[in-house]
Amino acid sequence: EVNGWGTIEASSRPLGACAATVVLIDEQRAQAWILHAGDTRAALIRDGTGQLLTALDQGPDGELVRYFGQAGLQLQATAVRLEPGDRLLLVSDGVTKSLTMSEAVTVVEQHATRAASLRALGQACLRVDSGDDITALLMDIDDD
């Protein structure tokens, strides 16, 4: 449907694109698969340090170069081993337009609970005001 919007006049750049990061967790193997296309991001936080799990699929003018709905799309697929105490942070482009992932991880790690972490992350993004929606998901990995 998004591809049906067409392209920007005098270009081949689409009028719209759909980005997403999807996480599939295999609890028995203590592993996650990260599937990604676009300007959403994912990071693994281990011992307070963030590791990027996804690339930012943007061209020099900010246009998406890989996105859902694109003909011949090949998703970025990343496997990551999970340990108790790890955190997975997934954010929308409203966050990536406001903060670097390093800044987002720092904000998240300054708070003791998921709720406080996400509230602070949202407030930090609103101070920059990217004009885009702000969505974040924070998963804590435990022994259970």
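A salt bridge here means a side-chain nitrogen of Lys or Arg within 4 Å of a carboxyl oxygen of Asp or Glu. Keep that cut-off in mind for the close-ups below, which come from a predicted model.

**Close-up 1. Arg-41, a buried arginine with no salt bridge.**
Arg-41 sits in strand β3, which covers residues 41-46. The nearest side chain of opposite charge belongs to Asp-57, and it is 8.1 Å away. With a cut-off of 4 Å for a salt bridge, Asp-57 doesn't qualify as a partner for Arg-41. What Arg-41 does have is a backbone oxygen, that of Thr-54, lying 2.7 Å from a polar atom of its side chain. Look around Arg-41 and, beyond its neighbours within four places in sequence, you'll find contacts that include Thr-21, Leu-52, Ala-55, Leu-89, Val-91 and Met-101.

**Close-up 2. Thr-21 and its two polar side-chain contacts, with His-36 and Thr-40.**
Thr-21 belongs to strand β1, residues 20-26. Its relative accessible area is 14%, so Thr-21 counts as buried. The side chain of Thr-21 makes a polar contact of 2.9 Å with that of His-36, plus another of 2.6 Å with the side chain of Thr-40. Leaving out neighbours within four places in sequence, Thr-21 also touches Ile-34, Leu-35, Arg-41, Ala-42, Thr-54 and Leu-90, among others. For a sense of scale, Thr-21 and Leu-121 are 100 residues apart in sequence and 18 Å apart in space, C-alpha to C-alpha.

**Close-up 3. Arg-46 and Asp-86, joined by a salt bridge.**
The N to O distance for this pair is 2.7 Å. Arg-46 is in strand β3 and Asp-86 in the loop between β5 and β6 (87-91), so the salt bridge ties together parts that are 40 residues apart in sequence. The two ends sit in unlike surroundings: Arg-46 is partly exposed at 23% relative accessibility, while Asp-86 is buried at 2%.

**Close-up 4. Arg-87 and Asp-140, a salt bridge from β6 to β7.**
Here the closest N and O atoms are 2.5 Å apart. Arg-87 lies in strand β6 and Asp-140 in strand β7 (residues 136-140), so parts 53 residues apart in sequence get tied together. Arg-87 is buried, with 8% relative accessibility, whereas Asp-140 is partly exposed at 34%. Back at Arg-46 and Asp-86, salt bridges with shared partners link those two with Arg-81 and Glu-83 in one network.

**Close-up 5. Arg-66 and Asp-57, a salt bridge with both partners buried.**
The closest N and O atoms of Arg-66 and Asp-57 are 3.0 Å apart. Asp-57 is also the residue named in the Arg-41 view, as the nearest side chain of opposite charge there. Across the whole structure there are ten salt bridges.

**Close-up 6. Trp-33 in a nonpolar surface patch.**
Trp-33 is part of strand β2, residues 31-37, and counts as partly exposed at 39% relative accessibility. Together with Val-22 and Leu-24, Trp-33 makes a nonpolar patch of about 270 Å².

**Close-up 7. Gln-70, in the loop between β4 and β5.**
The flanking strands are β4 (49-52) and β5 (76-81). Gln-70 has 23% relative accessibility and so counts as partly exposed. Measuring C-alpha to C-alpha, Gln-70 and Ser-102 are 29 Å apart in space, with their positions 32 residues apart in sequence.

Technical notes: Residues are numbered from 1 along each chain as its sequence is written. This is a predicted model: local features need pLDDT of at least 70, side-chain atom pairs count only at pLDDT 80 or more; totals for chains, interfaces and linings use all residues. Side-chain values use heavy atoms; hydrogens and water are left out. Helices (H or I, at least four residues) and strands (E, at least two) are DSSP runs, numbered from the N terminus. Buried means under 20% relative accessible area, exposed over 50%, partly exposed in between (1.4 Å probe, protein chains only). Lys and Arg count as positive and Asp and Glu as negative; His and the chain ends are not counted. A polar contact is a pair of N or O atoms within 3.5 Å; within protein, one must be able to donate a hydrogen and the other to accept it, and residues adjacent in sequence count only if both atoms are side-chain atoms. Contact means heavy atoms within 4.5 Å. Patches are made of residues with over 30% relative accessible area and no salt bridge: like charges are joined within 9 Å, nonpolar side chains (Val, Leu, Ile, Met, Phe, Trp, Tyr) within 5 Å. Accessible areas come from the Shrake-Rupley method with a 1.4 Å probe; for residues, only the protein chains shown count as cover.
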